[in-house]
Amino acid sequence: MELRRVVVTGLGALTPIGNTVQEYWNGLINGVSGAAPITYFDASKFKTQFACELKNFNVEDFIERKEARKMDRYAQYAMVSSTEAMEDANFDLEKLDKDRAGVIWGSGIGGLETFQIEVLNFAAGDGTPKFNPFFIPKMIGDIACGHISIKYGFRGPNFGTVSACASSTNAIIDAFNYIRLGHADVMVTGGSEAAVTIAGMGGFNAMHALSTRNDDPKTASRPMDKDRDGFVLGEGAGALILEEYEHAKARGAKIYCEIGGGGMSADAYHITAPHPEGLGARNVMLNCLRDAGLQPTDVDGVNMHGTSTPLGDLAESKAIEQVFGDHAYTMNLNSTKSMTGHLLGAAGAVETISSILSLKYGIIPPTINHFTDDENIDPKLNFTFNTAQKRDVKVLMSNTFGFGGHNACVLVKKLDI
């Protein structure tokens with residue numbers, strides 16, 4: 001069968017460096033760090049006392065208090081970003097066939113704060129089970145896509161994806177496939193995460209996964225830097241409206257770009273560490289290129305997973321050299337996690353949005369906080385260190401890798417490529 005073309009017609013973002021798409025983009029190209037001391041709880045006894053929290057965000061500016069109280073923060077973030085994306089796409093909902101519009105949403109952890117609150121409240125009591133009736137509906141990882149579909153009456157494919165930090169990239173790829181295979185015309189997709197909590201920070205600290213640079217939070221996320229010491233936990237959401245090309249054309253939609261392809265793979269190596277030679281990362285990029293029907297030389301850049309961990313950054317850099325060969329030296333590589341921190345299950349969506357905006361504006365956001373070259377990483381690779389670079393880009397890829405060895409990669413391209 002002939003596969004249908006899929007385009008992006010709406011974007012929404014809620015990030016530590018901006019609460020709208022435009023604010024997020026401005027933060028990216030200006031190299032703004034979203035890291036700061038934690039305000040959500042007293043972190044003074046934690047090994048890591050900072051994170052990339054949202055700034056100046058009040059959910060009641062977007063959702064009525066009564067409804068917001070029925071949602072974990074991760075679902076609130078999903079509703080806010082998806083609403084921005086839907087408004088951006090500018091549908092006439094009266095004319096849209098809602099049986100062919102769906103929602104696929106990713107979250108690596110879901111309602112962690114809700115779970116934490118309910119368990120702590122029970123532990124502080126006398127053993128009598130007094131739980132909030134919304135405990136389970138607030139906590140479960142699929143409820144965000146449920147809320148979005150209820151708001152818009154979308155009755156098409158509807159489910160959540162969970163693949164740790166690759167979750168929202170997997171959601172995008174699934175939504176892409178449902179449209180191109182003819183099962184839907186419109187899909188709301190993306191991901192959200194709200195793990196800046198006592199349990200989230202404590203758990204990642206116990207794994208030695210987080211940076212402990214408490215004396216200088218703003219420069220703690222240092223992808224590819226010799227002195228990187230772990231990732232910085234972030235929170236937020238990214239939403240994309242995917243639409244079948246002819247459907248979008250027929251209604252005169254604004255089109256950002258085309259989704260060219262998606263790739264998936266597994267490291268099959270370790271529950272948290274990447275394959276040291278980047279085997280899974282190599283395979284996922286090759287699979288993505290194959291799906292898109294493009295050659296490595298067609299790609300202008302990669303928004304790397306680039307978490308600022310010693311093993312991960314090195315493995316991904318090796319994989320890029322294996323996939324792209326000498327062409328890797330002509331590309332722009334970057335890690336926007338240097339600014340937003342690591343949004344876990346929301347990372348893929350937020351970073352795909354960055355790639356889409358790079359296509360639109362011809363600017364590659366920087367990898368900030370680079371101070372010292374790592375002698376183990378090829379110095380000929382251009383990681384767009386510290387300053388955004390102008391470049392006419394036509395094809396970009398975005399990588400996300402998750403605990404458990406889950407790898408996902410999405411390719412976006414200008415419509416005429």
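Helix H11 and strand E13 each supply at least two residues of the lining of the largest pocket, and in this predicted model the share that H11 gives, 6 residues, is the largest of that lining. The pocket holds about 570 Å³ of space. Its lining is made up of 35 residues, and among these Thr-272, Ala-273, Pro-274, Thr-309 and Phe-403 lie nearest the centre of the pocket. Sorted by class, the lining of the largest pocket contains 15 nonpolar residues, 16 polar residues and 4 charged residues.

Helix H11 also takes part in a helix pair. Two packed helices are described by the angle between their axes and by the distance between those axes. Helix H10, which covers residues 279–292, packs against helix H11, which covers residues 310–324, at an angle of about 40° and with the axes 8 Å apart. Angles from 35 to 65 degrees fall between the roughly parallel and the roughly perpendicular ranges and count as oblique, and H10 and H11 are therefore oblique to each other. The crossing that these two helices, H10 and H11, make is right-handed.

The second largest pocket has a volume of about 280 Å³. Its lining consists of 15 residues, and those nearest the centre of this pocket are Ala-68, Arg-69, Met-71, Gln-76 and Lys-138. Three helices give two or more residues each to the lining of the second largest pocket, namely helix H2 (65–68), helix H3 (73–89) and helix H4 (112–124), and the largest share, 4 residues, comes from H4. By class, the lining of the second largest pocket has 4 nonpolar, 3 polar and 8 charged residues.

Helix H3, one of the elements that line the second largest pocket, packs against helix H6 (residues 143–152) at an angle of about 40°, with the two axes 9 Å apart. H3 and H6 are therefore oblique to each other, and H3 passes H6 in a right-handed crossing.

Besides the pockets, there is also enclosed space to describe. The count comes to 1 cavity of 30 Å³ or more, and about 60 Å³ of space lies in the largest cavity. The residues that line this cavity include Gly-301, Val-302 and Asn-303, together with Asn-332 and Asn-334, Ser-354, Ser-355 and Ser-358, and Leu-396 and Met-397. Strand E9 (301–303), strand E10 (332–334), helix H13 (347–361) and strand E13 (395–402) each supply at least two residues of the lining of the largest cavity. Strand E13 thus appears in the linings of both the largest pocket and the largest cavity.

The table sets the three spaces side by side.

| Space | Volume | Lining by class |
|---|---|---|
| Largest pocket | about 570 Å³ | 15 nonpolar, 16 polar, 4 charged |
| Second largest pocket | about 280 Å³ | 4 nonpolar, 3 polar, 8 charged |
| Largest cavity | about 60 Å³ | 5 nonpolar, 7 polar, no charged |

Finally, a record offers a wider frame for the chain. An unreviewed UniProt entry carries the annotation "domain: Ketosynthase family 3 (KS3)", which covers residues 3–414. Over residues 3–414 the chain is 33% helix and 18% strand, and the C-alpha atoms at the two ends are 18 Å apart.

Notes
Residues numbered from 1 in each chain as written. Predicted model: local features only at pLDDT ≥ 70, side-chain atom pairs only at ≥ 80, totals over all residues. Heavy atoms only, no water. 1 Å grid on protein atoms, 1.4 Å probe; cavity = no way out; pocket = protein on both sides within 12 Å on 5 of 7 lines; lining within 4 Å. Points joined across faces, edges and corners; volume = space filled by probe spheres on them. Nonpolar A, V, L, I, M, F, W, Y, C, P; charged D, E, K, R; others polar. UniProt positions renumbered as here; feature names shortened; annotations may be inferred. Axes fitted to C-alpha atoms, helices over the stretch in contact; angles between N-to-C directions. Parallel < 35°, antiparallel > 145°, perpendicular 65-115°, else oblique. Left-handed = near helix turned anticlockwise from the far one by under 90°.
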